[in-house]
Amino acid sequence: MALRHAVLAALLDGEYSGYQLAKAFRMGVANFWHALPQQLYTELAKLEQEGLVAGRQVVQESRPNKRMFHVTDAGRAELTAFAAAPSKPSVIRDDLLVKVQAADHVGAAPVIAQLQERARAAEAKIEVLDELLVQLRGDATEEEFLRHGEPVGPYLTCLRGLAFERDHLAWCRRTATVLAERQATRAAR
């Protein structure tokens, strides 16, 4: 997947400024795609040049002018083609896993500290995702929303992000505990 597709998907719900798009990425799209605001602005410019999004200038009196972007028909066609193409299997590339792999040989203490930090970050993300799910579904129960709510795509991706963060939290805690116990056992010998 390219950033272009994540941007097009984020713009499907309406017209956004670059700032609003960056905020949408932080709140929802970040579950499956990370991008810095500068990358988003660069990608918006490329997409506009290719005719996949259109931008318009909004004049503001007490603030700087802003550009608002929306997906064009060509952008929807690009996203439709992307959605129809086969997806590649998910892969994990995480430097923390390399550190855990080497922990027996390089010392576990710094790895344990990093696992604990990751666990704290996962806890914070879980809280944000839980709030976002409530916000997305409103007064509906989850099952009601999954059957009839609109739009369901952002909700489903948020559920995936929540499941990932919960699993990641559990793994980080367990791994830190295992490494700490083994480290204590070695020190006691």
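A residue counts as buried when its relative accessible area is under 20%, as exposed when the value is over 50%, and as partly exposed in between. The exercises below apply this to a predicted model.

**Exercise 1. Sort Thr72, Tyr16, Pro110, Gly138 and Arg174 into buried, partly exposed and exposed.**

Solution.

Step 1. Start with the cut-offs: buried is under 20% and exposed is over 50%.

Step 2. Thr72 has a relative accessible area of 16%, so Thr72 is buried. This residue is in the loop between strand S3 (66-71) and helix H4 (73-84).

Step 3. Tyr16, in strand S1 (residues 16-17), has a relative accessibility of 22% and therefore counts as partly exposed.

Step 4. Pro110 belongs to helix H6; with 48% relative accessibility, Pro110 counts as partly exposed.

Step 5. Gly138 lies in the loop between H6 and helix H7 (142-148). Its relative accessible area is 42%, so Gly138 is partly exposed.

Step 6. Arg174 lies in helix H8. Because its relative accessible area is 64%, Arg174 is exposed.

**Exercise 2. Find which residues of helix H5 are buried, and explain why they line one face of the helix.**

Solution.

Step 1. List the buried residues of H5: Leu96, Val100 and Ala103.

Step 2. Look down the axis of H5. The buried residues fall within an arc of 60 degrees, so they line one face of the helix.

Step 3. Recall the general rule. An α-helix has 3.6 residues a turn, so residues three or four places apart point the same way.

Step 4. Turn to the other side of H5, where Val98, Gln101, His105 and Val106 are exposed.

Step 5. Identify the cover. Helix H6 (109-137) and H8 are among the elements that cover the buried residues of H5.

**Exercise 3. Compare the spans of H5 and H6 with the spans expected at 1.5 Å a residue.**

Solution.

Step 1. To get the expected span, multiply 1.5 Å by one less than the number of residues.

Step 2. For H5, a straight helix of 12 residues would span 16 Å, but the end C-alpha atoms of H5 are only 14 Å apart.

Step 3. For H6, with 29 residues, the expected value is 42 Å, and the helix reaches 42 Å from its first C-alpha to its last, close to that value.

Step 4. Add the buried residues of H6 to the picture. They are Val111, Ile112, Leu115, Ala119, Ala122, Ile126, Leu129, Leu132 and Leu133.

**Exercise 4. Describe the largest cavity: how much space lies in it, and which residues line it?**

Solution.

Step 1. Begin with the principle. Rolling a probe the size of a water molecule over the atoms shows where empty space is left.

Step 2. Count the cavities. There is 1 cavity of 30 Å³ or more, and the largest cavity holds about 30 Å³ of space.

Step 3. Name the lining: Ala103, Asp104, Ala108, Leu179, Arg182, Gln183 and Arg186.

Step 4. Sort these residues by type. The lining has 3 nonpolar, 1 polar and 3 charged residues.

Step 5. Assign the lining to helices. Helix H5 (95-106) and helix H8 (152-188) each supply at least two residues, and H8 gives the most, with 4 residues.

Step 6. Link this to Exercise 2. Ala103 is one of the buried residues of H5 and also lines the largest cavity.

**Exercise 5. Set separation in sequence beside distance in space for the pairs Pro110 and Gly161, Arg174 and Leu115, Gly138 and Gly149, and Tyr16 and Ala54.**

Solution. Distances run from C-alpha to C-alpha.

| Pair | Residues apart | Distance |
|---|---|---|
| Pro110 and Gly161 | 51 | 27 Å |
| Arg174 and Leu115 | 59 | 9.4 Å |
| Gly138 and Gly149 | 11 | 9.5 Å |
| Tyr16 and Ala54 | 38 | 11 Å |

Leaving aside neighbours within four places in sequence, Tyr16 is in contact with Ala10, Leu11, Leu21, Arg67, Met68 and Phe69. By the same rule, Thr72 is in contact with Gly51, Leu52, Val53 and Ala54.

**Exercise 6. Report the phi of Gly138 and the form of the peptide bond from Glu150 to Pro151.**

Solution.

Step 1. Most residues other than glycine have a negative phi, and most peptide bonds are trans.

Step 2. Gly138, just after H6, takes a positive phi of about 65 degrees.

Step 3. The peptide bond from Glu150 to Pro151 is cis, with omega near -15 degrees. Pro151 is in the loop between H7 and H8.

Methods:
Residues numbered from 1 in each chain as written. Predicted model: local features only at pLDDT ≥ 70, side-chain atom pairs only at ≥ 80, totals over all residues. Heavy atoms only, no water. 1 Å grid on protein atoms, 1.4 Å probe; cavity = no way out; pocket = protein on both sides within 12 Å on 5 of 7 lines; lining within 4 Å. Points joined across faces, edges and corners; volume = space filled by probe spheres on them. Nonpolar A, V, L, I, M, F, W, Y, C, P; charged D, E, K, R; others polar. Buried < 20%, exposed > 50% of the residue type's maximum accessible area, 1.4 Å probe, protein only. Arc of directions from axis to C-beta. Contact = heavy atoms within 4.5 Å.
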